[in-house]
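Student: Could you take me through one part of this structure closely, and then show me what else stands out in the rest of the chain?

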Amino acid sequence: MPFTVEKKHILHSSIFNQTLRDWHSLKCDITPKNLMYPVFIVEDDDAVQPISSLPGVSRFGINKLKEHLDNVVRNGLQSVLLFGVIDSLPKDEFASNADSSKNPVIRALPLLRKWYPNLTIACDVCLCPYTSHGHCGVLNSDGSINNAASIDRISDVALSYAKAGAHIVAPSDMMDGRIGAIKEKLIKNDFGNKVAVLSYTAKFASNFYGPFRDAAKSAPTFGDRKCYQLPTCSAGLPVRAAHRDVQEGADMLMVKPVMAYMDVLKTVKDAYPNHPMFVYQVSGEYAMIYWAAQKGVFDLRVALTEILSSLRRAGADVIITYYTPLILEWLQLKHKL
Ligand code: PBG
Ligand code: ZN
């Protein structure tokens, strides 16, 4: 007797045309609302600096950023994540230039708000691009993190970005208590209902940040970030971190990087289904996909579609990716994504 498949075990009847397949895949749709674009801004207003470790990505001075973003906004860009990069401004122990009047993000915010009234603007909040030692907090004399001093300084920087026009502040430093400290200062200064906090909740000490540290000139001058970023194999800390950040008032949560951490994405989303879940496809992931496509391993559009859809399936609401301009272009061309 040949084996016959039971009626309820037939899956092919569910997927024999594209509409049927789509009904099983609605959670995976990619629209402009599901994308956030990270942007590096430099001091020199007329500069365009291609980043060799991130092929296709440049740092922009504010004037050149307008030329670049005009087109991306026209293609449907909804939100950006700003990173300041300094070169000639001095770096010191307290990251004074993280929010001085010369900081490129502080200077760009009012202009971006004016140029793009419908664009939602998030700012990465961290000290590492501005500290002399390249660490994400304020240090004690023995090189360890001074948590209290760090969150006091980080919350000041977040407030400065809020005052300059940020809709969202996104602390990436991983200090304990920084969400609460930021919320408190925002509320005290009447930004309680005007500025959201996106927490880099589960940010791992990862090998995939290499090109970014080059791009943001933020590599630590000694040691590593393992005492504040999460250990790769920790299965329990991400949910504890999310619990901490939600208790302190985080509006949105993030997991970063993502391809090596998709289980974490799902675990955190399942634990906090009522908070929009962001994932950051980081610089090393961008470069890896770029070079694989260049070498003919796969077609970039087809592979990227598979990767981004799978992030949505795993629970990502918003994907932060350097590929955003390209994806928006594809969406304009009505390519299925
Ligand atoms: C800084 C920061 C990093 C990234 C975002 N904010 C790097 C780091 O922690 O060293 C990584 C982004 C990327 O790799 O694309 N705190
Ligand atoms: Zn940092």
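Tutor: Cys128 and Cys136 are both buried, and in this predicted model they belong to the site of the zinc ion (ligand 2), whose protein donors are the SG atoms of Cys126, Cys128 and Cys136. These donors lie 2.2 to 2.3 Å from the zinc ion, and along the sequence the donor residues follow the spacing C-x1-C-x7-C. The zinc ion has four donor atoms, and the angles among them run from 97 to 119°, which makes the site tetrahedral. For comparison, the ideal angle for four tetrahedral donors is 109.5 degrees.

Another buried residue is Ser58, with a relative accessible area of 16%; Ser58 counts as buried because that value is under 20%. Ser58 lies in strand 3, which covers residues 58–60, and although Val48 is 10 residues away in sequence, the C-alpha atoms of Ser58 and Val48 are 6.3 Å apart in space. When the neighbours within four places in sequence are left aside, Ser58 is in contact with Phe40, Val48, Gln49, Pro50 and Ile51.

Turning to the helices, the axes of helix 10 (residues 300–313) and helix 11 (residues 324–332) come within 12 Å and cross at roughly 105°, so helix 10 is roughly perpendicular to helix 11. Where they meet, Leu300, Arg301, Leu304 and Leu308 belong to helix 10, while Leu326, Ile327 and Trp330 belong to helix 11. Sorted by class, this contact has six nonpolar residues, no polar ones and one charged one.

Some details of the backbone are found in the loops. The peptide bond from Lys256 to Pro257 is cis, with omega near -10°, and Pro257 sits in the loop between strand 8 (252–256) and helix 8 (262–271). Asp190 has a phi near 70°, a positive value in a residue other than glycine, and is found in the loop between helix 5 (178–188) and strand 7 (196–203). Lys217, which is not a glycine either, has a positive phi of about 50°, and its loop runs between helix 6 (210–216) and helix 7 (237–247). Asp190 is exposed, with a relative accessible area of 52%, whereas Lys217 counts as partly exposed because its relative accessibility is 29%.

Terms used: Residues numbered from 1 in each chain as written. Chains lettered and ligands numbered in written order. Predicted model: local features only at pLDDT ≥ 70, side-chain atom pairs only at ≥ 80, totals over all residues. Heavy atoms only, no water. Donors = N, O, S within 2.8 Å, 3.2 Å for Na, K, Ca; no water. Tetrahedral: all angles 85-135°; square planar, octahedral: opposite > 155°, others 65-115°. Buried < 20%, exposed > 50% of the residue type's maximum accessible area, 1.4 Å probe, protein only. Axes fitted to C-alpha atoms, helices over the stretch in contact; angles between N-to-C directions. Helix = DSSP H or I, 4+ residues; strand = E, 2+ residues; numbered from the N terminus. Parallel < 35°, antiparallel > 145°, perpendicular 65-115°, else oblique. Contact = heavy atoms within 4.5 Å. Nonpolar A, V, L, I, M, F, W, Y, C, P; charged D, E, K, R; others polar.
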